Amino acid sequence: MTAAQTGATGFLARYEGLKDHLPGARKPWLNQLRADAAVHFAARGFPTRRVEQWKYTDLAPVAQAAFAEPLTSVDGQVHLPAPLAPHRAVFVDGRFRPDLSSLDGLPFRALGLAHDLAEAEPHLGALAKPESEPLAALNTMLFEDGLFLDVPDGVDGGLLELVSVAVDPGRPFAFHPRHLVRLGARARLTLIETATGGGHCLHNPVFEIEVAEGASLTHGRMLQEAATVFHLSTIYARVAAEGTYDNFTVAAGPRLTRNEIHAALVGPKAACHMNGAQMAADGQHVDTTTALDHAAPDCASRQTYKTVLAGRSRGVFQGRIHVHRVAQRTDGYQMNQALLLSEEAEIDSKPQLEIYADDVKCSHGATVGALDADSLFYLRSRGIPEAQAKAMLVEAFLHEAVETVTDETLKGALTRALDAWWARQEAAA
Amino acid sequence: MLKIEGLTAEVDGKAILKGIDLEVPKGEVHAIMGPNGSGKSTLSYVLSGREGYEVTGGSATFNGHDILAMEPEERAAAGLFLAFQYPVELPGVGNATFLRTALNAQRKARGEAELDAMQFLKLARERMKALSMSDDMLKRGVNVGFSGGEKKRNEILQMALLKPSIAILDETDSGLDIDALRIVADGVNAMRGPDFSALVITHYQRLLDYIVPDRVHVLMAGRIVKSGGPELAKELEAQGYGAVQAAA
């Protein structure tokens, strides 16, 4: 297949044109990293539905669009969501905006990646796999900026917000932020990410997350961009012994969302919790794809995902759990539940367990259904009008997913994101 | 008053109610007794408007409203209440939220002021005390993890809060021990008065020792085959449905 057929041409041309001007262009290691990524991207282009991991999500609308670079200047006013905490890092069209951020007084280093590429060298590209994930290749080839944060050993980093705003310039544009998150031994952090904004854009972030021994990262994500946005994010997380990575994602807004998470539990007693709620209305597509590697003994993983689909929309859940031979006494659990609110909605659900150890507790389950008629009648028989009764049942379904979240600030923000989505559906109905 | 005339209904194309005639005057409590499969639950669902129960003939009016033409929530706001034989569990819907939403939806439909959270809690706690229910049942999901008796008490609590003018109690006694039965019966008796009527549907006479009806009707094969005073329930208990059927 040629680059033109897979939609790679435009991005490759941009890389050729920009490569001497991209941040770090004078650093040979980074040039090499980008050049290698370009080779991978040229060879594969955007994945088509013939690729197993992309069987249910069609990137043709992304591959066919002609995106330009964002033009946003580095100053000027943008509409930001209300702050959840004193500390926040703000990115506009993928570029760090120190003037809009408030990072003073944080007990660790957090800065725009483009400003400190030398420090990032050992970590950038340590986890991402551009050879197997074309979107990671695209990101590596063209990233300009991102959040680089490093919480030292034993430090409780508290709460930090990561805000990503896309500003509509009136024509299609693409940005590919690269975020590096490192927690030292026994460090702690809650990172709450909000993606907002609009325009015909491609937001293609890649996260590389390292959680050292005994450290704990809670990562909440609210992907709430406008229904014109393609949001394709890829997260790579590596968790050392007794460390914990908790991810909770609400995907409710973009035209197309791919929430792809690769997590590896590499030390004994590491843990990973991946939960989320994804919602789509008419014409939208949401996809959660997780790949979990149990590569050490005595690790635990929990995954619970909820999907709500309205109108002519489509949802995808793919969850792979790979239990390596050494990973004895693995405790794995995966559940995904979908609620279809219309006859035209479609969900594709694919759990995949590969188990090579013999002493393992691993279970998975999936449910798909419409709103329960008995429950609906029960509410209506008490005088609750049909629309309100439906809303109560949808909210109950979604809120169940949030119950596992212990951080109150995060829980509140996630709940508001869920309620806002439902309120929009009701307003549109 | 509730007035049912020549009511016929089917489920999945099968005729279940074959011409029901029944009047429950204002302020009276009537019992409907009958063996399994006689159409008792179908009658309660038809009157409350559940989907899947198709009315093929006849009429049912309540205080002059043609209730068969109304949505379930409209029937509720007009004062009709169904206590379910199998109350539904609603995980993720808090019992307090559910009760308050229902109460306020009905108040709103009737043009009355809605209750705020504090007013509601005060009212709910008062009613719960009378039903020997712990406050903790307000915090849990609707009927989630409730025992059979707790679910039935939660039904009676809803009735006590919503103050219907007619309640249909569908086998509310099933699965209750004697203490729970007494609490449920006390809850119903506390509602009795000139503005409250009830249709108590039961298989056994036992409940009617505690909720003494003004009239008893025997439902068999989709028809009321016999009506009488409270003594009819005792008669049925002693002789069984077979004797009534033979006589009818």
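In what sense do S17(A) and S19(A) pair, and over how many bridges? They pair in the parallel sense, over 10 bridges.

## About the model

This is a predicted model, in which local features need pLDDT of at least 70, side-chain atom pairs count only at pLDDT 80 or more, and totals for chains, interfaces and linings use all residues. Residues are numbered from 1 along each chain as its sequence is written, while chains are lettered from A and ligands numbered from 1 in the order in which they are written.

Some terms come first. Helices (H or I, at least four residues) and strands (E, at least two) are DSSP runs, numbered from the N terminus. Two strands pair if DSSP finds at least two bridges between them.

## The sheet of chain A

Chain A holds an open sheet of 10 strands. Their order is S2-S1-S5-S8-S11-S13-S15-S17-S19-S21, and the pairing is mixed. Strand S2 (95-96) and strand S21 (360-369) of chain A stand at the edges. Each has a single partner strand, so one side of each is left without a neighbour in the sheet.

Now take the pairs. Strand S1 (residues 88-92) and strand S5 (residues 156-166) of chain A pair in the parallel sense over 5 bridges. There, A:Phe91 has A:Ser164 in S5(A) as its bridge partner. In the pair of the opening question, A:Thr307 is matched with A:Ala338 of S19(A). S19(A) also pairs with S21(A), in the parallel sense and over 10 bridges. A:Asn336 has its bridge partner, A:Ala366, in S21(A).

## Helices on the sheet

Helix H8 (residues 408-428) of chain A lies across S5, strand S8 (188-197), strand S11 (216-223), strand S13 (244-252) and S15 of chain A. H8 runs at about 20° to S11(A). Such angles run from 0 to 180 degrees between N-to-C directions, and axes are lines fitted to C-alpha atoms, for helices over the stretch in contact. Residues are in contact if their C-beta atoms, placed from the backbone, lie within 7 Å.

## A buried strand

Strand S7 (residues 178-183) of chain A has 6 of its 6 residues buried, so it is largely enclosed by the rest of the structure. A residue is buried if 20 or more other C-beta atoms lie within 10 Å of its own, exposed if 12 or fewer, and partly exposed in between; the C-beta atoms are placed from the backbone. A:Arg178, A:Leu180 and A:Arg182 point one way from S7(A). A:His179, A:Val181 and A:Leu183 point the other way.

S7(A) has parallel partners. Strand S4 (residues 147-151) of chain A is joined to S7(A) by 4 bridges, and A:Val151 is matched with A:Leu183. Strand S10 (residues 206-211) of chain A pairs with S7(A) over 6 bridges. Here A:Leu180 stands opposite A:Glu208.

## The sheet of chain B

In chain B, 4 strands form an open sheet in the order S2-S1-S4-S5, with antiparallel pairing. Strand S2 (14-24) and strand S5 (65-66) of chain B stand at the edges. Strand S1 (residues 2-11) and strand S4 (residues 53-62) of chain B pair over 8 bridges. B:Thr8 stands opposite B:Gly57 in S4(B).

## Where the chains touch

The contact takes 21 residues from chain B and 18 residues from chain A. On the side of chain B, helix H2 (72-77), strand S7 (90-94), helix H3 (95-109) and helix H6 (148-162) each supply at least two residues. H3(B) gives the most, with 5 residues. By class, this side has 13 nonpolar, 5 polar and 3 charged residues. Ala, Val, Leu, Ile, Met, Phe, Trp, Tyr, Cys and Pro count as nonpolar, Asp, Glu, Lys and Arg as charged, and the others, Gly among them, as polar.

## Two helices and a loop in chain B

The axes of H3(B) and H6(B) come within 10 Å and cross at roughly 35°. H3(B) makes this contact with B:Leu99, B:Ala102, B:Leu103 and B:Gln106. H6(B) adds B:Gln158, B:Leu161 and B:Leu162. These residues divide into 5 nonpolar, 2 polar and no charged.

B:Gly111 is found in the loop between H3 and helix H4 (117-130) of chain B. Is B:Gly111 buried or exposed? B:Gly111 counts as exposed, with 6 C-beta neighbours inside 10 Å. B:Gly111 and B:Asp21 are 90 residues apart in sequence and 33 Å apart in space, C-alpha to C-alpha.

Notes
Two residues are in contact if their C-beta atoms, placed from the backbone, lie within 7 Å.
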